[in-house]
Amino acid sequence: MSTKLGLIIPHDYKLLSVAAILEVFETANKLSSKAEKTFDIMIFQLTEQITQETSFGYKSNAIEDSDIALDLILIPAFTTDNMSEMIAKNKKFIPWLKKQHQNGAELASFCTGAFLFAASGLLNEKLATTHVDACSAFTKAFPLVKLKPEETLTADGSLYTSGGSTSTFHLLILLVQKYCGNEIAVQIAKIFSIDLNRYKQSYFSTFRPNHLHNDTLVAMLQQKIESQYHSIEKLEEITKDIPTSTRNMTRRFKQVTGIPPIEYLQNIRVESSKKYLEQTQLSISEIIEKTGYNDPKAFRKVFYKMVGMKPIEYREKFRVQ
């Protein structure tokens, strides 16, 4: 059964926040192997707001008329700095949020969405965070909330909040992990270059070979590399039956794929090793052997250069449990 996910689109919502939320959960649906979507995404607004432009391609439900019981409700960030005015505009959401929570829904806010969340009283005596620049105003407005300005996100029972900027993605990944499992969460972290700790985008890169071309000789060499990468000792072994010179083959290969054959081979091997690190319990030595390396030192050097971290660090970060 799909998780009923409700995204509210209040007055003064931040478009970037809404777009990020929808993009991540729509991607989770696409990645799911289930016949039924993991998330049944629904939009909720006040009757006075509903227009085609604010429904983002979904049917918009008016909270005044809706009796749908939701599993998860998301509150996006706001564009305004006048939070008291924003809360006044959106006060009709408050009893609806409280009722949904009483009926079992989990609630999550992103960045300054915590202001509307806290206005419901649901965060009283609960942990929460918000945009760092809004923390002072938040504390004054909601002294009963246990604000944690230094935290990227908070999870207190069925209530979640995130800080500003990229913290939104940290909370989104946490929710995806809870509802979809670690494997899809890791895939989404890669797709959106979300590092749950720090470091750089190279950790999340995935080598995607270019096969959309008409060069049959290059295609032949690609196929040989991709099928025999674990046993290739020298590239000359697999190019000797290709009817062109090594120099010409290297030139054509780089022109079509963007990289020379040796670098293509290294990419294929590293991608294979990443999958073993993510999905198996094989030791590093076993992975080195399976991916065609003879020298552990050379493997670790190439892996670090292309991925940006050591193999053991990669396993700790991305291992699918």
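Is Ala77 buried or exposed in this chain? With a relative accessibility of 3%, Ala77 counts as buried, because the cut-off for that class is under 20%. Keep in mind as you look around that this is a predicted model.

## The chain as a whole

Let's step back before returning to that alanine. The chain holds 14 helices and 9 strands. Its radius of gyration is 25 Å, well over the 20 Å that the globule rule gives for 321 residues, so the chain is more spread out than a compact globule. Along the principal axes, the C-alpha atoms fill a box of roughly 75 × 40 × 35 Å.

Of the 321 residues, 49% are buried. Among contacts with a separation of 6 or more, 64% join residues 24 or more positions apart. The chain exposes about 16,600 Å², and 50% of that area is supplied by carbon and sulfur atoms. As for charge, there are 39 positive and 35 negative side chains, and the centres of these two sets lie 5 Å apart.

## An annotated span

UniProt, in an unreviewed entry, lists residues 215–317 as "domain: HTH araC/xylS-type". In the model, residues 215–317 are 72% helix and 0% strand. The C-alpha atoms at the two ends of this span lie 39 Å apart.

## Around Ala77

Back to the opening residue. Ala77 sits in the loop between strand S4 (72–75) and H2. Leaving aside neighbours within four places in sequence, Ala77 is in contact with Asp12, Tyr13, Lys14, Ser17, Phe110, Cys111, Thr112 and Gly113. The C-alpha atoms of Ala77 and Leu16 are separated by 8.5 Å, although the two residues are 61 apart along the chain.

One of those contact partners, Asp12, deserves its own look. Asp12 is found in the loop between strand S1 (3–8) and helix H1 (15–31). Its relative accessible area of 23% makes Asp12 partly exposed. Phi of Asp12 is near 65°, a positive value in a residue other than glycine. Most residues other than glycine have a negative phi.

Where does Ser193, with a positive phi of its own, fall in the chain? Ser193 lies in the loop between helix H7 (182–191) and helix H8 (216–228). The phi of Ser193 is about 50°, although this residue is not a glycine. Ser193 is partly exposed, with a relative accessible area of 28%.

## Two buried residues of helix H1

Which residues does Ile21 touch, beyond those up to four places away in sequence? They are Leu7, Leu74, Pro76, Phe110 and Leu172. Ile21 itself is found in helix H1, and at 1% relative accessibility Ile21 counts as buried. Phe110 is in contact with Ala77 and also with Ile21.

Val24 is also placed in helix H1. With a relative accessible area of 0%, Val24 is buried. Not counting residues up to four places away in sequence, Val24 touches Phe169, Leu172, Val176, Ile188 and Phe192. Leu172 therefore appears in the contact lists of both Val24 and Ile21.

## Helix H2 and some separations

Ala88 offers a contrast to the residues above. The place of Ala88 is in helix H2 (residues 83–89), and at 47% relative accessibility Ala88 counts as partly exposed.

Here are the separations in sequence and in space for four pairs, taken from C-alpha to C-alpha.

| Pair | Apart in sequence | Apart in space |
|---|---|---|
| Ala77 and Leu16 | 61 residues | 8.5 Å |
| Ile21 and Thr139 | 118 residues | 26 Å |
| Val24 and Arg300 | 276 residues | 33 Å |
| Ala88 and Ser245 | 157 residues | 74 Å |

The table puts the Val24 and Arg300 pair at 276 residues and 33 Å, while Ala88 and Ser245 are 157 residues and 74 Å apart. If you have the structure open, these pairs make handy rulers for the chain, whose C-alpha box is roughly 75 × 40 × 35 Å.

Conventions
Residues numbered from 1 in each chain as written. Predicted model: local features only at pLDDT ≥ 70, side-chain atom pairs only at ≥ 80, totals over all residues. Heavy atoms only, no water. UniProt positions renumbered as here; feature names shortened; annotations may be inferred. Helix = DSSP H or I, 4+ residues; strand = E, 2+ residues; numbered from the N terminus. Buried < 20%, exposed > 50% of the residue type's maximum accessible area, 1.4 Å probe, protein only. Rg over C-alpha atoms; globule rule 2.2 N^0.38 Å. Contact = heavy atoms within 4.5 Å. Areas by Shrake-Rupley, 256 points an atom, 1.4 Å probe, with all protein chains shown as cover. Lys, Arg positive; Asp, Glu negative; His and termini not counted. Charge placed at Lys NZ, Arg CZ, Asp CG, Glu CD.
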